[in-house]
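Dear colleague,

Please find the structure below, handed over for your study. A summary of what was found in it follows.

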Amino acid sequence: MQIIPLKMVSPGMVLARSVEKSDGMVLVGEGMTLTEALIARFQSAGIASVAVKGRPFPDLPGGEDIVLKTRVNLDVMFRKHRQDPLMWTLRNMIDKHLEQILERDRLEQLVQERADHDSEPQ
């Protein structure tokens, strides 16, 4: 899975996650193959980026890369608040959430790899 800016999306790519508007309304579900019409719909809805299956742009950081970098930078971001128990609790909650995102993405990747393997001709 890779999160990419909408301007880099092209028809034929497959969504790794559903696309939602800022109010939570789902525009398109996970697994949908993108078309010109869907991409135009995302643009008019103000969608900035989407998660697609695979890594169509290997040099562009993917979701996991961004999450890992954010986790590494948490201590730097909260360095002035080490003595504040509420801020440190917030930091730990963010870290736990990022860890859950990583785990979910890894599980999705394993499921996709298994599905790809199972669909290969024997």
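**Helix α3 and the nonpolar cores**

In α3, the buried residues (under 20% relative accessible area with a 1.4 Å probe, protein chains only) are Arg91, Asp95, Leu98, Ile101, Leu102 and Asp105. Helices here are DSSP runs of H or I with at least four residues, and strands are E runs of at least two, numbered from the N terminus.

This is a predicted model, in which local features need pLDDT of at least 70 and side-chain atom pairs count only at pLDDT 80 or more, while totals for chains, interfaces and linings use all residues. Residues are numbered from 1 along each chain as its sequence is written, and side-chain values use heavy atoms, without hydrogens or water.

Helix α3 covers residues 85-119; its 35 residues should span 51 Å (1.5 Å times one less than the number of residues), and this agrees with its end C-alpha atoms, which are 51 Å apart. At its start, a side-chain oxygen of Asp84 comes to within 3.0 Å of the backbone nitrogen of Leu86.

The largest nonpolar core (buried Ala, Val, Leu, Ile, Met, Phe, Trp, Tyr and Cys residues joined through side-chain atoms within 4.5 Å) has 15 residues. Two or more of them come from each of β3 (26-28), α1 (36-44) and β4 (49-52). The largest share, three residues, belongs to α1. A second, separate core has six residues, including Val67, Phe78, Ile101 and Leu102.

In soluble globular proteins, nonpolar side chains tend to be buried together.

Yours sincerely

Note on methods
Buried means under 20% relative accessible area, exposed over 50%, partly exposed in between (1.4 Å probe, protein chains only). A polar contact is a pair of N or O atoms within 3.5 Å; within protein, one must be able to donate a hydrogen and the other to accept it, and residues adjacent in sequence count only if both atoms are side-chain atoms.
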